[in-house]
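Here are my notes on this entry, set out as numbered points. Please read them with the model open.

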Amino acid sequence: MVGMLLLETLLNEWKVATTADLVSAGVDKQLIYLIAQTGRIRRVRKGLWAAADTEPAICVALSLGGRLACVSASRYWSGLASSSGEKVHVSVTRGASRLASRQAEAVVHWSRFPLAGNEFAVALEVAREQMTRCVPHERYP
Ligand SMILES: [Zn+2]
């Protein structure tokens, strides 16, 4: 199925994509939902999709409308997988409002304005600053 290959190729490259991005790249919208049901791609939140192998911590952060923060961002920049059972530290800019259902999985770091970093995590300098106020030194990755 050409559409399925295109969809998986795009998500393998981008890791996450909105429905609009995928549709404008030529993927049929119905196909996105069908493939998500097979588990070959993952629905992160309404209108946002991830490759099946996208780091679970990133999916938690994005599902809350945020990015990895603090110790979770430090792990991300170090290339370490998130350790299972540990809460994901998420940077959320005030005004974001997708917290209610998933907050139990996360430690939320609020900020008044967007912090430096990429689309998945705050910058390492920012993460280290957050860690000094949040995580005991012996738990640094
Ligand atoms: Zn933290």
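Which residues does V122 touch, not counting residues up to four places away in sequence?

1. The model is predicted, so pLDDT cut-offs apply: local features need at least 70. Now to V122. Its contacts are R67, L68, A69, A73, S91, L115, A116, G117 and A127, with residues up to four places away in sequence left out.

2. V122 also belongs to the largest nonpolar core, which has 35 residues. W49, V60, A61, L68, A73, V90 and V122 are the members that touch the most others in this core. Two of these names, L68 and A73, appear in the contact list of V122 as well.

3. Many elements feed this core. At least two residues each come from α1 (2–14), α3 (29–38), β2, β3, α4 (56–63), α5, β5 and α6 (124–134). Helix α4 gives the largest share, six residues. Both domain 1 (2–51) and domain 2 (56–139) contribute, so the core lies between them. As background, nonpolar side chains in soluble globular proteins tend to be buried together.

4. Next, the sheet. Three strands form an open sheet in the order β4-β5-β6, and the pairing is mixed. The edges are held by β4 (67–68) and β6 (106–111). Each has a single partner strand, so one side of each lacks a neighbour in the sheet.

5. Look at the β4 pairing. Strands β4 and β5 (residues 88–93) run antiparallel and are joined by two bridges. Here L68 sits opposite V90 of β5. Both L68 and V90 are among the core members that touch the most others.

6. A helix covers this sheet. Helix α5 (residues 70–78) packs on it and touches β4, β5 and β6. The direction of α5 makes about 105 degrees with that of β5.

7. Now the domains. The assignment gives domain 1 as 2–51 and domain 2 as 56–139. Their C-alpha centres lie 24 Å apart. Six residues from domain 1 and four residues from domain 2 make the contact.

8. On the side of domain 1 that touches domain 2, β2 (41–45) and β3 (48–51) each supply at least two residues. Strand β2 provides the largest share there, three residues. By type, that side holds four nonpolar residues, two charged and no polar ones. Strands β2 and β3 each also supply at least two residues of the largest nonpolar core.

Methods
Residues numbered from 1 in each chain as written. Predicted model: local features only at pLDDT ≥ 70, side-chain atom pairs only at ≥ 80, totals over all residues. Pairing = 2+ DSSP bridges. Helix = DSSP H or I, 4+ residues; strand = E, 2+ residues; numbered from the N terminus. Contact = placed C-beta atoms within 7 Å. Axes fitted to C-alpha atoms, helices over the stretch in contact; angles between N-to-C directions. Domains from an automatic or database assignment. Nonpolar A, V, L, I, M, F, W, Y, C, P; charged D, E, K, R; others polar. Core = buried A, V, L, I, M, F, W, Y, C linked by C-beta atoms within 7 Å. Buried ≥ 20, exposed ≤ 12 C-beta atoms within 10 Å, placed from the backbone.
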